[in-house]
Amino acid sequence: MTAQLTQTAPDKTRFIQRVLYGNATFSIVTGSLFAFAASAVTSVLGLTGTALGSIGTPTIIAGVGIATLGFAAYVLYTTRLPVRRALLWTVIALDLTWVIGSYALLLARVVPLSRGGAWTLLIIADIVLVFAILQTIGVRRLR
């Protein structure tokens with residue numbers, strides 16, 4: 001009976017750990033692209049020739065990439081600790097903030113994205129939303 005209990009406890013955390021690793025991996029890939037290929041990302045998004053403020057679009061894109069890499073580091077940090085729901089809810093909240101912000105940018109049309117840029121932003125937001133949903137399922141399984 002104790003062997004069965006020790007197997008079910010790690011099984012409950014295994015799902016959330018895998019989802020977090022997936023989230024971190026996706027964030028590292030997208031963050032790296034944004035941070036280290038900001039000009040190419042600016043072009044893909046259709047933002048060439050426009051400046052968002054006085055800083056310049058590639059600089060803003062690179063900043064978003066660096067912030068995303070910081071988020072990935074935080075997600076990886078949460079996987080190294082004993083499972084804490086507060087940390088997991090923070091990851092979920094940050095993911096949902098990204099999704100809401102992305103949808104708001106698309107709906108408000110404040111940023112002149114190309115059609116391909118809008119699709120790119122939508123696809124990234126939808127992937128992040130899937131991670132938020134899976135993480136929520138994982139947190140609920142921990143009960």
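Helices are DSSP runs of at least four residues, numbered from the N terminus, and a pocket is an open set of grid points with protein on both sides within 12 Å along at least five of seven lines, its lining residues being those with an atom within 4 Å of a point. With those terms in hand, the largest share of the lining of the largest pocket, 7 residues, can be assigned to helix H4. The structure discussed here is a predicted model.

**Overall fold**

The protein chain contains 5 helices and 0 strands, and when read along the sequence it follows the pattern α-α-α-α-α. Of its 143 residues, 34% count as buried. Among the contacts in the chain with a separation of 6 or more, 74% are made between residues 24 or more positions apart. The chain exposes about 8400 Å², and carbon and sulfur atoms supply 69% of that area.

**The largest pocket**

About 540 Å³ of space lies in the largest pocket, whose lining is made up of 27 residues, with Val-64, Thr-68, Trp-98, Ser-102 and Leu-121 lying nearest its centre. Four helices, namely H1, H3 (57-80), H4 and H5 (115-141), each supply at least two residues of this lining. By class, the lining has 17 nonpolar, 9 polar and 1 charged residues. Two of the residues nearest the centre of the pocket, Ser-102 and Leu-121, also appear among the buried residues of their helices, Ser-102 in H4 and Leu-121 in H5.

**The largest cavity**

A search of the whole structure finds 1 cavity of 30 Å³ or more, and the largest cavity holds about 40 Å³ of space. Which residues line the largest cavity? The lining consists of Ile-16, Gln-17, Leu-20, Thr-78, Pro-82, Val-83, Arg-84, Leu-87 and Leu-88, which divide into 6 nonpolar, 2 polar and 1 charged. Helix H1 (2-36) and helix H4 (85-108) each supply at least two residues of this lining, and the largest share, 3 residues, comes from H1. Leu-87 and Leu-88, both part of the cavity lining, are also listed among the buried residues of H4.

**Three buried residues**

The table sets out three residues with their locations, relative accessibilities and contacts, leaving aside neighbours within four places in sequence.

| Residue | Location | Relative accessibility | Contacts |
|---|---|---|---|
| Val-19 | helix H1 | 8% | Phe-131, Leu-134 and Gln-135 |
| Gln-17 | helix H1 | 16% | Thr-79 and Val-83 |
| Val-111 | loop between H4 and H5 | 18% | Leu-47 and Leu-105 |

Since buried means under 20% relative accessible area, Val-19 counts as buried because its relative accessibility is 8%, and Gln-17 likewise counts as buried because its value is 16%. Val-111, found in the loop between H4 and H5, counts as buried because its value is 18%.

Val-19 lies in H1, and its C-alpha atom is separated by 9.8 Å from that of Val-130, although the two residues are 111 residues apart along the chain. Two of the contacts of Val-19, Phe-131 and Gln-135, are themselves buried in H5. Gln-17, also found in H1, is in contact with Val-83, and both Gln-17 and Val-83 belong to the lining of the largest cavity. For Val-111, the C-alpha atom is 8.1 Å from that of Leu-47, a residue 64 residues away along the chain, and Leu-47 is also one of the contacts of Val-111.

**Helices H4 and H5**

The 24 residues of H4 should span 34 Å at 1.5 Å a residue, and because its end C-alpha atoms are 34 Å apart, the expected and computed values agree. Its buried residues are Leu-87, Leu-88, Val-91, Ile-92, Asp-95, Val-99 and Ser-102. An α-helix has 3.6 residues a turn, so residues three or four places apart point the same way. H4 is followed by Arg-109, whose phi is positive, near 55°.

H5 has 27 residues and reaches 39 Å from its first C-alpha to its last, close to the 39 Å expected at 1.5 Å a residue. Within H5, the buried residues are Gly-117, Leu-121, Ile-124, Ala-125, Val-128, Phe-131, Ala-132, Gln-135, Gly-138 and Val-139.

How values were computed. Residues numbered from 1 in each chain as written. Predicted model: local features only at pLDDT ≥ 70, side-chain atom pairs only at ≥ 80, totals over all residues. Heavy atoms only, no water. 1 Å grid on protein atoms, 1.4 Å probe; cavity = no way out; pocket = protein on both sides within 12 Å on 5 of 7 lines; lining within 4 Å. Points joined across faces, edges and corners; volume = space filled by probe spheres on them. Nonpolar A, V, L, I, M, F, W, Y, C, P; charged D, E, K, R; others polar. Buried < 20%, exposed > 50% of the residue type's maximum accessible area, 1.4 Å probe, protein only. Contact = heavy atoms within 4.5 Å. Areas by Shrake-Rupley, 256 points an atom, 1.4 Å probe, with all protein chains shown as cover. Expected span 1.5 Å × (residues − 1).
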